[in-house]
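The exercises below ask the reader to work through a structure step by step, each with a task and a solution. Please look at the sequence and the model before starting.

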Amino acid sequence: MTSTEAAAIALQDNAALWSAGEITASEVVDAACDALVAGLDTPGLRILAACTRAEADYDVHDVLPPALQELGLTFHPVAGEAAQEAVARALARRLLADDLKPWELTFRIHQRYGHELPLTERLAELDDEYDILECGDRTVDQIDAEVTAEARRLAAHPRVPTEPGGIPGVGDQGNSRSR
């Protein structure tokens, strides 16, 4: 994966997590700065990256959707299954980056979506297994390994498409793609 593709994925993940209330607006601005450093560059991305921490809480709501659109990325409103899946995939990638522990991923997914989101049903079940460890025949390490495998599955698809020039989505202004 190129650094621009990784930066695009991180920006889209942060957008989904911010929309769901999982992270702050300033973390979205940080991801925009990282995307610029990685080589992504659009007018909207520059405006987003230029927000101060004080401005972020007020401006990200208006500036983020057009910045993502210019990059050919998708901004999912809070409601809807696509937004829920985007959050689940972003949290899975956080686990794989060692920003979350396996039990934290299952707990957050289970707390947020219960057993209602088909994409994350297995993670909700694994959260239940953590709760009954004392009564079962599985170890924490076994459940952790299965959670990590499930996170890999979630994080693997879909990917941010990379254009022939190597910069994801650039040149597709106005073309929104679902992830």
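A salt bridge is taken here as a side-chain nitrogen of Lys or Arg within 4 Å of a carboxyl oxygen of Asp or Glu. The model is a predicted one, in which local features need pLDDT of at least 70 and side-chain atom pairs count only at pLDDT 80 or more, whereas totals for chains, interfaces and linings use all residues. Residues are numbered from 1 along each chain as its sequence is written, and side-chain values use heavy atoms, with hydrogens and water left out.

**Exercise 1. Salt bridges**

Task: state how many salt bridges the rule gives, and describe the pair formed by Arg53 and Asp30.

Solution. Applying the rule gives a count of 11 salt bridges. One pairing is that of Arg53 with Asp30, whose closest N and O atoms are 3.8 Å apart. Because Arg53 belongs to helix H4 and Asp30 to helix H2, this pair ties together parts that are 23 residues apart in sequence; helices here are DSSP runs of H or I with at least four residues, strands are runs of E with at least two, and both are numbered from the N terminus. For accessibility, buried means under 20% relative accessible area, exposed over 50%, and partly exposed in between, with a 1.4 Å probe and protein chains only. On that scale Arg53 is exposed at 57%, while Asp30 is partly exposed at 32%.

A further pair is Asp41 with Arg46, at 2.6 Å from N to O; Asp41 is partly exposed at 41%, and Arg46 is partly exposed at 44%. Arg122 and Glu129 also form a salt bridge, with closest N and O atoms 3.3 Å apart, and Arg122 is partly exposed at 23% relative accessibility. Through shared partners, salt bridges join Arg122, Glu125, Glu129, Arg138 and Glu146 into one network.

**Exercise 2. A buried acidic residue**

Task: which side chain of opposite charge is nearest to Glu70, and with which side chain does Glu70 make a polar contact?

Solution. Begin with the location: Glu70 is found in helix H4, which covers residues 53-70. Glu70 is buried yet has no salt bridge, since the nearest side chain of opposite charge, Arg46, is 7.3 Å away; for charge, Lys and Arg count as positive and Asp and Glu as negative, while His and the chain ends are not counted. Its side chain does make a polar contact of 2.7 Å with the side chain of Thr42. A polar contact is a pair of N or O atoms within 3.5 Å, where within protein one must be able to donate a hydrogen and the other to accept it, and residues adjacent in sequence count only if both atoms are side-chain atoms.

**Exercise 3. The fold and its core**

Task: what elements make up the protein, and which residues of the largest nonpolar core touch the most other members?

Solution. The protein has 8 helices and 0 strands. Of its 179 residues, 45% count as buried. Among contacts (heavy atoms within 4.5 Å) with a separation of 6 or more, 60% come from residues 24 or more positions apart.

A nonpolar core is a set of buried Ala, Val, Leu, Ile, Met, Phe, Trp, Tyr and Cys residues joined through side-chain atoms within 4.5 Å. The largest one holds 47 residues, of which Leu11, Leu48, Val60, Leu64, Leu105 and Val147 touch the most other members. The elements giving two or more residues to this core are H1, H2, H3, H4, H5, H6, H7 and H8. Leu64, not counting residues up to four places away in sequence, touches Ala15, Trp18, Val28, Leu48 and Phe75.

**Exercise 4. Leu117 and Ser26**

Task: is Leu117 buried or exposed, and what does Ser26 touch?

Solution. Leu117 is found in the loop between H6 and H7 and is buried, with a relative accessible area of 2%. Beyond four places in sequence, Leu117 touches Glu81, Gln84 and Glu85; from Glu85, 32 residues apart in sequence, Leu117 is separated by 8.0 Å, C-alpha to C-alpha.

Ser26, in helix H2, is buried at 15%. A polar contact of 3.1 Å joins the side chains of Ser26 and Thr24, and, not counting residues up to four places away in sequence, Ser26 touches Arg53 and Ala56.
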